[in-house]
Amino acid sequence: MIRLSHRILAAATALTVLSAGAPALAAEAAKPAAQPEAAAPAAISVQLDGENLTFTDAAPQVQEERTFLPFRAVFEAMGAVVDYDAETNQVSATRDDTTVVMTLGSTEATVTTGDTTATLAMDVAPYAAENRTYVPVRFAAQAFGCAVGWDQDDSTVILVDTQKLLDEVMADYTFTYLEKYAAYNEQFSTGNWAMTMDFDAALTLLGMGPATVEGAMEGVTAGAAQMEASMNLKMDLKALVDGFVGLVTDGTEAEGAVDETAQAEADALLEALKTDGIDMEFRGDLEDGLFYFLLSGDLLADAGIPADTWISMDLGSMYEQMGMDYTALLDASKTMDADVLLQIMLSSVTLDDKDSDYAFLSALVDGVAKFLSDESFERDGGNYTTSYTFAQDGVTAAVSFTLLMDGDAVVGYDMTMDFGIEASADGTVAASSVSMQAGMDADNNMSATMTMDMDSLLDMSINMTGSYAATEETPELTPPEGAAVISYEELLADAASEAAA
């Protein structure tokens, strides 16, 4: 029960920080912020969970424009047991069920958690100096799930042990209502489900538009990871396209300069998108990260691709190119593992103020824990509702979460969230607001809406309704046998080559 509560709180904390706390820190981080690997003054301090570490006989060093910390002092401060093997020149640190092993002079390290061992590459190698072993700060900290930051003004490495923070907060609360919700939500992660969905959206960009989209989708999912679906999208892009054309030409285009044939073709395409739309098919499995989609009509033919050609997309490779661990993200989405979720959450937050960052994160996590704890849920008829508000440095958020009950069991939910950022006095941060609603009733009918207003830059709204029903049907995960397939990367490369020519 305790472990499940950890996972639920971690997931909700990630949601709340990304929607409330992260923008506040992101606004502060709009200026380029130095990280621990960057060159720094010789006198470097290290802060762990808001407290400065004391180094009695080995101080942090900078080598190859990277910050290195004394291995034993730092890992023992994290509560790990450390060891050194003189024959192999290996250092190791063990905490709970995780062991990190590094070899002096090597950029390879192993991290063993339980029965699983992974070999990871570091961009710099540990080394020995004055009978002490030094390790790269970022890898060393993140191996045990710590968030890492750098306070440029005070030359201080900031370390936050996220699991320890979560454990300390969790000790003060119970989460039986959230455990009931997790039990309800588990049904959608098992078995096969037939789904239907209708949606519409509108977008205005820089005052141009609107562009509108409406569509319908139906398909089958299995185990919350496998999916087969078909969708039709109708798009009215004319107002947005005309706005961009006017912005580019700025009224300077000479009379008769427009290629009438090209204009007619563009108009015909816009009309087809509005009237007939685009038919699409999706197939894929999140477990291996491979997805396939097929576009109907002349879109592929216009790009020089034969009709009925499927496009493949390797999500794992795409996330890796963005510097993100796809497997970790997938595991987090399935298991709500606190270590993974908090690591991902805090990796998007800039830690750059040793005097306030830890207190801010502690207060935020505690606020979310209280919001989700039993003491905050209030009975409303047969249902239970909890609410959370946040306001700091021009950032506001309000979240309401209602559990729909049938006796003692959760049968649905409803969540609303309003988020806003005030415009900064110097004009570097624009005023913006986001409102979201999502819910599922006892008959598995879902609804979701989102509106976003970013001053005069962007105005967007999205509405979705749909339903889920248990089914014996199983999804097809790959294109039909013998079908032509082209990778998304190859498609982009061909487009780039054509543009360059």
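**Reading contacts, rings, strands and confidence**

Biologist: Leaving aside neighbours within four places in sequence, with which residues is L403 in contact?

Modeller: In this predicted model, L403 is in contact with Y177, Y181, F377, N383, Y384, V410 and G412, once its neighbours within four places in sequence are set aside.

Biologist: Which residues of the largest nonpolar core touch the most other members?

Modeller: That core has 70 residues, and M280, F401 and L403 touch the most other members. Helix 12 supplies the largest share of this core, with nine residues. Another core lies apart from it and has 31 residues, including V91, A93, V111 and A140.

Biologist: How many aromatic pairs does a search of the whole structure find?

Modeller: The search finds 17 aromatic pairs. As a general idea, the distance of the centres and the angle of the planes describe a pair of aromatic rings. For F71 and F75, the centres are 4.8 Å apart and the planes stand at 50 degrees; the pair is therefore tilted, as the angle falls between the limits for stacked and edge-to-face. Both residues belong to helix 2 (residues 71–77), where they are four residues apart, about one turn of the helix. F71 is buried, and F75 is buried as well.

Biologist: Which parts of the chain does the pair of F371 and Y388 link?

Modeller: F371 and Y388 form a tilted aromatic pair, with 5.6 Å from centre to centre and 45 degrees between the planes. This pair links distant parts of the chain: F371 lies in helix 12 (residues 357–372) and Y388 in strand 21 (residues 383–392), 17 residues apart. F371 and Y388 are both buried.

Biologist: Which residues do ring pairs link into a cluster?

Modeller: The cluster consists of Y181, Y184, F188, W193, F401, Y413 and Y468. Two of these names have appeared already: Y181 is in contact with L403, and F401 is among the residues of the largest core that touch the most other members.

Biologist: Let us turn to sheets. What is the strand order in the open sheet of five strands?

Modeller: The order is 5-6-7-8-9, and the pairing is antiparallel. Strand 5 (81–85) and strand 9 (116–121) are at the edges with a single partner strand each, so one side of each has no neighbour in the sheet. Neighbouring strands here are turned by 15 degrees against each other on average, with direction ignored.

Biologist: How many bridges join strand 5 to strand 6?

Modeller: Five bridges join these antiparallel strands, strand 6 covering residues 90–95. Among the opposed residues, D83 stands across from S92 of strand 6, and V81 has T94 as its bridge partner. The two strands form a hairpin with four residues between them, and N89 in the turn has a positive phi of about 60 degrees. For reading side chains along such an element, the general idea is that in a regular strand they alternate between the two faces of the sheet.

Biologist: Why is strand 19 described as largely enclosed by the rest of the structure?

Modeller: Strand 19 (residues 310–314) is largely enclosed because four of its five residues are buried. Strand 18 (residues 290–295) runs antiparallel to strand 19 and is joined to it by five bridges, with L290 opposite D314. Strand 27 (residues 485–487) pairs with strand 19 in the parallel sense over three bridges, and here W310 stands opposite V485.

Biologist: Where is the place of P480, and which residues does P480 touch, not counting those up to four places away in sequence?

Modeller: P480 is in the loop between strand 26 (458–470) and strand 27. On that count, P480 touches R283 and W310. The C-alpha atoms of P480 and W310 are separated by 9.5 Å, although the residues are 170 apart along the chain. P480 has 41% relative accessibility and therefore counts as partly exposed.

Biologist: What pLDDT does the protein average?

Modeller: The average is 82, and 81% of the residues score at least 70. Over residues 1–42 the pLDDT is below 50, and this stretch has 96 contacts in the model beyond near neighbours in sequence. Residues 336–342 also have a pLDDT below 50, with 24 contacts beyond near neighbours in sequence. The general idea is that predicted coordinates should not be read in detail where pLDDT is low.

Note on methods. Residues numbered from 1 in each chain as written. Predicted model: local features only at pLDDT ≥ 70, side-chain atom pairs only at ≥ 80, totals over all residues. Heavy atoms only, no water. Pairing = 2+ DSSP bridges. Axes fitted to C-alpha atoms, helices over the stretch in contact; angles between N-to-C directions. Phe/Tyr/Trp six-rings, centres within 6.5 Å; stacked < 30°, edge-to-face > 60°. Buried < 20%, exposed > 50% of the residue type's maximum accessible area, 1.4 Å probe, protein only. Contact = heavy atoms within 4.5 Å. Core = buried A, V, L, I, M, F, W, Y, C linked by side-chain atoms within 4.5 Å. pLDDT = per-residue confidence, 0-100.
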